[in-house]
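This briefing introduces a protein model to a reader who is new to structural description. Please keep the sequence and the structure at hand while reading.

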Amino acid sequence: MPKWLDNAVFYEIYPQTFLDTNADGIGDFRGIIRKLDYIKDLGFNALWINPCFLSPFGDAGYDVADYYTVAPRYGTNEDLKELFAEAHRRGIHVLLDLVPGHTSVEHKWFRESMKPEKNEFTDRYVWTDSVWEAPESLGCLRGISQRDGSCALNFFTCQPALNYGYNERTRPWQQSPEDEGPRATLAAMMDVMRFWLTMGCDGFRVDMAMSLVKNDPEGEATIALWQKVRAFLDREFPEAAIISEWGEPEKSLRGGFHMDFLLHFGPSHYNDLFRCEEPFFSDRGLGDASAFVEKYLESRKKAGKDGLICIPSGNHDMVRLAKHVEGNQKKLAFTFLLTMPGAPFVYYGDEIGMRYVEGLTSVEGGYDRTGARSPMQWDKSVNAGFSAASTEKLYIPQDPDPDRPTVEAQLTDPDSQLRQVKTLISLRRTHPALGNRSGITFVSTGAPKQALAYERGCEQEQLLVVLNPYREAVTFPYAKVLGEPLYTFGGEASQENGTVSLSAVSAGIYKIK
Ligand code: NOJ
Ligand code: CA
């Protein structure tokens, strides 16, 4: 079990749009290296970097053409190795993005598997045995090669599904996860992991981790597959960490993932908090966090004590937090994100409240996600300091607002969101009760016009976190005595006769006496 996860606070970097150091309009590894001090200074001690491998970029790099070589737009394998070393020098761990469910159509495995003659890669992907038959419930590629069959898709048309077998099999071409082809696919993916872990990376965010075994409605065979991966890691790289894009911790953590994300899809009610018409973090008080809380507690119970449930501020697939969560509400949202159990994940730019850029034309398969992937806003200079390329050459256009938030402005403003994020991370890292593995007990579950309040605790200390996004004061019953505030925003809580009162739009973290 990687010990470093006990206090890991992650920062997600979309490499295309973080910092461009050679004026080609696209971010690169040098840019990430240059900003490691910024990341460290905020208190982050771990990174997740989106896919940076050779790719035709039909899906921004989630269509890998070679798992062993980085895309030249970002630099070389040596540069990435240097990034690992520079990060480690600063106490920062680095996760790469592993895409095990599909490749690009340009991957040599796929080119080989398209051939009519049987070869090493014939069973690397999910193929039917006649071009006239499509794999049920999955899209497919067909009529593109001499091989008589249709190849299942895992996501976009450019992403054929790798073959890990079928759990329930009704057709002769559907293989068992234990057949030779699926076993070879898994072995190949473990080789990829071994390669990067040996080079110095610290683990992987795993793309569509739930998608591997087909016809597996309860995920049982996919869970069994990941248990094998975890056994391999425990054996060869016990300090390596894996986090799943799954969104169902009760399954993924049982599969051996150290962490799972709550996401904008799946049963977690994550969207109720930040991404819907009436989010909980809104002063209208029409939002409701209680379904989230209920599901969260159920997931924690089922997932057991070791796995971490991670609540991201956002990611490259959803609209920015700032689209639905406005003004000071963002500070409340961050108070929540940085005081919950599990490892926090902050999406680059969310720390300054970068906006979702509306109305952009899709870039590299981004579609409506493109507006959440716009270049980082560092300062007031040209292209917000992201790149010295001409503005039209930027990978994605930037937020056109002349008052767009920047790191430079927020670093010097003690009331800025950036400074608040820094303060909260520092509190988290110095108070064991706020640690990734410390306990949580909800005392008010954020029903409409109600506070969200929870105790965090461990042997050494007990804290109470209180949040009132509503524009009016709220109260909740609380028998224990509030002690010293470690942090407040929007006014201090008061307590009388077993009732805590919170002013409008306020948050706080208190010791419990
Ligand atoms: C999830 C990734 O986060 C997303 O960006 C990608 O398009 C799909 N998986 C397919 O790989
Ligand atoms: Ca560049």
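Strand 16 (residues 474-477) and strand 19 (residues 499-502) run antiparallel and are joined by 4 bridges; strands here are DSSP runs of E with at least two residues, helices are DSSP runs of H or I with at least four residues, and both are numbered from the N terminus. Two strands count as paired if DSSP finds at least two bridges between them. The model is a predicted one, in which local features need pLDDT of at least 70 and side-chain atom pairs count only at pLDDT 80 or more, while totals for chains, interfaces and linings use all residues. Residues are numbered from 1 along each chain as its sequence is written, chains are lettered from A and ligands numbered from 1 in the order in which they are written, and side-chain values use heavy atoms, with hydrogens and water left out.

**Strands 16 and 19**

- Within this pair, Thr 475 has Ser 501 of strand 19 as its bridge partner.
- In a regular strand, side chains alternate between the two faces of the sheet.
- Strand 16 shows such alternation: Val 474 and Phe 476 point to one face and are buried, whereas Thr 475 and Pro 477 point to the other face and are not buried.
- Buried means under 20% relative accessible area, exposed means over 50%, and partly exposed lies in between (1.4 Å probe, protein chains only).

**Strand 20 and its partners**

- Strand 20 (residues 506-512) is largely enclosed by the rest of the structure, because 6 of its 7 residues are buried.
- Strand 15 (residues 462-468) pairs with strand 20 in the antiparallel sense over 6 bridges.
- Strand 17 (residues 482-489) also runs antiparallel to strand 20, and 5 bridges join them.
- Ile 509 of strand 20 is the bridge partner of Val 465, and Ile 509 is also the bridge partner of Tyr 487.

**Helix 5**

- Helix 5 (residues 180-199) has 20 residues and should span 28 Å at 1.5 Å a residue; its end C-alpha atoms are 29 Å apart, which agrees.
- The expected span is 1.5 Å times one less than the number of residues in the helix.
- An α-helix has 3.6 residues a turn, so residues three or four places apart point the same way.
- The buried residues of helix 5 include Leu 186, Met 189, Met 190, Met 193, Trp 196 and Leu 197.
- Gly 200, just after helix 5, takes a positive phi of about 125°.

**The surroundings of ligand 1**

- The residues around ligand 1 are Asp 59, Tyr 62, His 102, Phe 155, Arg 205, Asp 207, Met 208, Glu 245, His 316, Asp 317, Arg 369 and Arg 373; a residue is near a molecule or strand if one of its heavy atoms lies within 4 Å of it.
- By class, this shell has 3 nonpolar, 2 polar and 7 charged residues.
- In this scheme Ala, Val, Leu, Ile, Met, Phe, Trp, Tyr, Cys and Pro count as nonpolar, Asp, Glu, Lys and Arg as charged, and the others, Gly among them, as polar.
- A nitrogen atom of ligand 1 lies 2.7 Å from an N or O atom in the side chain of Asp 207.
- An oxygen atom of ligand 1 lies 3.0 Å from an N or O atom in the side chain of Arg 205, and an oxygen atom of ligand 1 is 2.9 Å from an N or O atom in the side chain of Arg 369.
- Taken alone, ligand 1 exposes 290 Å², and the protein buries 98% of that; the areas come from the Shrake-Rupley method with a 1.4 Å probe, and for residues only the protein chains shown count as cover.

**Residues in loops**

- Ala 23 lies in the loop between strand 1 and helix 1, has a positive phi near 55° although it is not glycine, and is partly exposed with a relative accessible area of 31%.
- Gly 25 is found in the loop between strand 1 (10-13) and helix 1 (29-34), and counts as buried at 0% relative accessibility.
- Ala 60, in the loop between strand 3 (53-54) and strand 4 (66-70), likewise has a positive phi near 55°, but is buried with a relative accessible area of 1%.
- Glu 133 occupies the loop between helix 4 (108-113) and strand 6 (140-141) and is buried, with a relative accessible area of 18%.
- The side chains of Glu 133 and Arg 171 are joined by a polar contact of 2.7 Å; such a contact is a pair of N or O atoms within 3.5 Å, and within protein one must be able to donate a hydrogen and the other to accept it, while residues adjacent in sequence count only if both atoms are side-chain atoms.
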